[in-house]
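Welcome! Here is a short tour for anyone opening this entry for the first time. Take a look at the sequence and the fold, and then read on.

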Amino acid sequence: MKNFLVSSLTLILSFSTTSILAEQNMNHDDMKKMAPKMETSDQQITHSAIGTVTKVDISSKKVTLAHEPIESLSWPAMTMGFSVKDETSLNKLKVGETVDFEFKKAEQGYVITEVK
């Protein structure tokens with residue numbers, strides 16, 4: 001029953017989205033054009049934050065942090081995964097530890113460039 005409800009809801013939302021795009025004479029390509037393009041300067045901006053390590057995944061070269069709000073990006077506090085520039089820094093991170101870190105936007109997500 002639960003799977004049926006989830007499937008039904010997914011189908012309804014799919015039709016709703018398609019209807020909205022049709023009303024606005026938009027298609028998938030139009031939506032792609034609306035997506036903000038990443039400028040080279042976006043990759044050069046360094047953001048600073050404080051977060052608590054919730055997971056270290058050495059095999060995927062990522063760390064998950066529950067970070068405080070990040071004003072430079074207008075982000076609220078949240079938990080998210082970050083790639084790391086220096087894989088050896090993963091060995092120094094411990095779950096439950098609070099760290100100051102710096103990161104930059106990359107082609108696919110955000111990359112931690114320094115952990116203090």
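Two rings of Phe, Tyr or Trp (for Trp, the six-membered ring) are called a pair here if their centres lie within 6.5 Å. With that in hand, the structure holds six aromatic pairs. Please keep in mind that this is a predicted model.

**Overall layout**
- The protein has three helices and five strands.
- Starting at the N terminus, the order of the elements is α-α-α-β-β-β-β-β.
- Of its 116 residues, 21% count as buried.
- About 8500 Å² of the protein is exposed, and carbon and sulfur atoms supply 55% of that area.
- Among contacts with a separation of 6 or more, 50% are made by residues 24 or more positions apart.

**How the strands pair**
- Strand E1 (residues 47-57) and E2 run antiparallel and are joined by six bridges.
- Together E1 and E2 make a hairpin with four residues between them, and Lys61 in the turn has a positive phi of about 60°.
- Across from Leu65 in E2 stands Val53.
- On to the next partner: E2 also pairs with strand E3 (residues 78-84), again in the antiparallel sense, over six bridges.
- Thr79 in E3 is the bridge partner of Ala66.

**Two faces of E2**
- In a regular strand, side chains alternate between the two faces of the sheet.
- Strand E2 (residues 62-67) shows this alternation: Val63, Leu65 and His67 point to one face and are buried.
- Lys62, Thr64 and Ala66 point to the other face and are not buried.

**A closer look at Thr54**
- Thr54 is part of strand E1.
- Is Thr54 buried, exposed or partly exposed? Its relative accessible area is 38%, so Thr54 is partly exposed.
- Thr54 and Leu65 are eleven residues apart along the chain, and their C-alpha atoms are separated by 5.5 Å.
- Leaving aside neighbours within four places in sequence, Thr54 is in contact with Thr64, Leu65, Ala66, Thr79 and Val95.

**The nonpolar core**
- In soluble globular proteins, nonpolar side chains tend to be buried together.
- The largest nonpolar core here has 16 residues, and those with the most contacts inside it are Val63, Leu65, Phe82, Phe101, Phe103 and Ile112.
- E1, E2, E3, strand E4 (98-106) and strand E5 (109-115) each supply at least two residues of this core.
- Not counting residues up to four places away in sequence, Phe82 touches Lys61, Lys62, Val63, Leu65, His67, Phe101, Phe103, Tyr110 and Ile112.

**The aromatic pairs**
- Which residues do the ring pairs link into a cluster? They are Trp75, Phe82, Phe101, Phe103 and Tyr110.
- Back to the six aromatic pairs: in one of them, the rings of Trp75 and Tyr110 have their centres 5.0 Å apart and their planes at 85°, so this pair is edge-to-face.
- Trp75 sits in the loop between E2 and E3 while Tyr110 belongs to strand E5, so the pair ties together parts that are 35 residues apart in sequence.
- Phe103 and Tyr110 form another edge-to-face aromatic pair, at 5.7 Å centre to centre with 80° between the planes.
- Tyr110 has a relative accessible area of 16%, and because buried means under 20%, Tyr110 counts as buried.
- Trp75 is buried as well, and so is Phe103, with a relative accessible area of 0%.

Methods:
Residues are numbered from 1 along each chain as its sequence is written. This is a predicted model: local features need pLDDT of at least 70, side-chain atom pairs count only at pLDDT 80 or more; totals for chains, interfaces and linings use all residues. Side-chain values use heavy atoms; hydrogens and water are left out. Buried means under 20% relative accessible area, exposed over 50%, partly exposed in between (1.4 Å probe, protein chains only). Two strands pair if DSSP finds at least two bridges between them. A nonpolar core is a set of buried Ala, Val, Leu, Ile, Met, Phe, Trp, Tyr and Cys residues joined through side-chain atoms within 4.5 Å. Contact means heavy atoms within 4.5 Å. Accessible areas come from the Shrake-Rupley method with a 1.4 Å probe; for residues, only the protein chains shown count as cover. Rings of Phe, Tyr and Trp (its six-membered ring) pair if their centres lie within 6.5 Å; planes under 30 degrees apart count as stacked, over 60 as edge-to-face and the rest as tilted.
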